[in-house]
Structures are given as C-alpha cells and as structure tokens.
Amino acid sequence: MELIRGLHNLRDHHRGCVATIGNFDGVHRGHQQVLANVRRKADSMGLPSMAIIFEPQPNEFFTPDAAPPRLTRFGEKIRLLQAEGVDRVLCLSFNERLRSLSAEQFVDELLLQGIAVKHFVVGDDFRFGCDRRGDYRLLREAGERHNFTVADTETLKIDDERVSSTRIRQALLNNDLDLAARLLGRRYRVTGRVQHGQKLGRELGAPTANVRMHKHVCPMRGVYAVRCSLHHERFLGVCNVGMRPTVNGLRPALEVHLLDFDGDLYGELLSVEFLTPLRAERKFENLDALQQQIKLDIAAARDWFASANY
C-alpha cells in the first residue's frame, strides 16, 4: 500500500482510481463495508483503490479542546486500511485552506485535477466543502459533467442501530467491550511505542510498559485484562489506562504489566488488546495501598484468563 501525504505529492501515475473519503476512525464494520465496495469496483474497472483521510481530523481542527478521543491513532489507522486491501491512502492536511474550499473547488482540486477519480464511493451522511454544503446530489451532478460515477453506501446497522465511531466510543466508555468488538469487527486495541516513565511499577513489584499516548486517544478509564502483541508474539497482561490519580498524573497514561515476561520493551511497538474490565480507576491513600491493589488486580486477571481459557 502507498501512503501519499498531501495533494502536492500526487503524481501523474496517481490519476485514475476508485476512491472514497472519510475520517475512518476505528476502521469499523461500517467503514469496512464502504472499503469492500471500493475494492470490488476498482477490481471490476481495473483501477487502483484509494482512501482519502484527514490529519488532523476535522473535529480536532474546529474544536481541539472538545474533540472526542480517537479510536485509532494515525499509524494504526494506516495499518488497518492496508489490511482492508486499499492500494493507496491519500492523507490531506486539514487546515484553513482546505476548510475554506467551496464544494465546487473541492471537486475540482481534489477529485478532478488531483486524482482524476473514475468512481467515487461515499457514506450515506457524507458532506464536504465550506460549511458542509456539498452533498451526494452535487457529486452526482459533477460526475455527469466530468465523466465519473458516484455511489453511496447503505448504512450498516447492528441491533437496529447505526454502526459509528461515536457508538463505539460510548460502548467503550460503558465498558461494553463485547459490543465494541462487534461494531469494530475485532477487539478494541491501542498500539504505541513503549517509552520511559516514572518506573514506579518496578518499585511496586510490577514493572509496566508505558505506552505512548497522544491527546486524542483511547476513551477508556480503568484496569483491564489485556492481550498484547510484540513482534508477532502474544502475552497476557494487566493494563491501567487513565490519569493515575494516586501519583497526581497530569495526562492520560496507558501502562501494561505483562504476566510472566522479563525483558526490555523500551522503544518497541506494543499492541494492547482489551479483553475485560477488572475495576474502575480510583485514588489510593498511599503507595502501599496501591501496591496491594496491584497484586489483587494481577490475581484477578490470572483468574479471568484461566476461566476464559486464555
């Protein structure tokens, strides 16, 4: 798969494709349905498939302090799009210029001059251009004038409700990990580099891998039994994600204790898959109380793994 960063990096060989566009946060089952339609059409037309995404996501541009947490950070999103068989990903920088483009300018600069789209697949709620004035009808009319076709994708529903990133975030906030997995088509996971932290876990007898997080990542808070992937190996573990109130944490942190593991993880790319909640995050009176609770969390995780045959 080829990643193209910005319109300025488009070349002649990128012209002519079957494309779709969106945030693709989570690359959930609704997104997967759209991407499957793109792949099928691209194969039938003998053209490459392309997914167009934004960085930052539009809601992070408009309301940076109130934007919801992402389900997937950029690197994980790219890996998931690749797994869905997309040939190319075009990442557009969402900035003031892109925001101010009219719907007609958006069609001209991106779809016509940029990628010379031959078939464009959109979701049922797609809007584009300044003030979101562009819609499916405008795209169809532009396609008739400029010789490309447009198709929308019927909303995917599970339990009579639309599959959406918002619904998945709410499921995760409610610790309904099974529902989130059904909507995503896989267990929810966070992937990031292991960085140096306070090394407090080591002092408390349970060394942890501190997975680097960004501002708009992971809507969950609490302690969870998890399964981690490292270099195609899998390990069971206990994860705390939250603000670490006992040690006056200043920003969200994701710390994982891998069971029966002894090694150096710094700098490694670790994928953390959430299996079941163990308890809510809370503040303890002192480090001794926290240490005792960590022992209980590890024991609870081992009991759950044994009962679930992990």
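**Tour: from a buried arginine to the sheet**

Start by selecting Arg 73, which sits in the loop between helix H2 (58–62) and H3. Keep in mind that this is a predicted model.

Show the side chain of Arg 73. Is Arg 73 buried or exposed? Arg 73 is buried, yet it has no salt bridge. Now pick Glu 76, the nearest side chain of opposite charge. The distance is 7.8 Å, whereas a salt bridge needs a side-chain nitrogen within 4 Å of a carboxyl oxygen. Next, add Thr 191. Its backbone oxygen lies 3.0 Å from a polar atom of the Arg 73 side chain.

Move on to helix H3, residues 74–83. Which strands does helix H3 lie across? They are E1, E3 and E4. Helix H3 runs at about 170° to E3.

Select strand E3 (residues 49–55) and strand E4 (residues 88–93) together. They pair in the parallel sense, over six bridges. Within this pair, find Ile 53; Cys 91 in E4 stands opposite.

Then select helix H1, residues 29–45. Helix H1 packs on the sheet and touches strand E2 (17–21), E3, strand E5 (117–123) and E6. Its direction makes about 170° with that of E2.

Finally, colour the whole sheet by strand. The sheet is open, has six strands and pairs in parallel, in the order E1-E4-E3-E2-E5-E6. Look at the edges: strand E1 (2–5) and strand E6 (149–153) stand there. Each has a single partner strand, so one side of each is left without a neighbour in the sheet. From one strand to the next, the twist averages 25°.

Methods
Residues numbered from 1 in each chain as written. Predicted model: local features only at pLDDT ≥ 70, side-chain atom pairs only at ≥ 80, totals over all residues. Heavy atoms only, no water. Pairing = 2+ DSSP bridges. Helix = DSSP H or I, 4+ residues; strand = E, 2+ residues; numbered from the N terminus. Axes fitted to C-alpha atoms, helices over the stretch in contact; angles between N-to-C directions. Contact = heavy atoms within 4.5 Å. Buried < 20%, exposed > 50% of the residue type's maximum accessible area, 1.4 Å probe, protein only. Lys, Arg positive; Asp, Glu negative; His and termini not counted. Polar contact = N/O pair within 3.5 Å; in protein donor to acceptor, adjacent residues only side chain to side chain.
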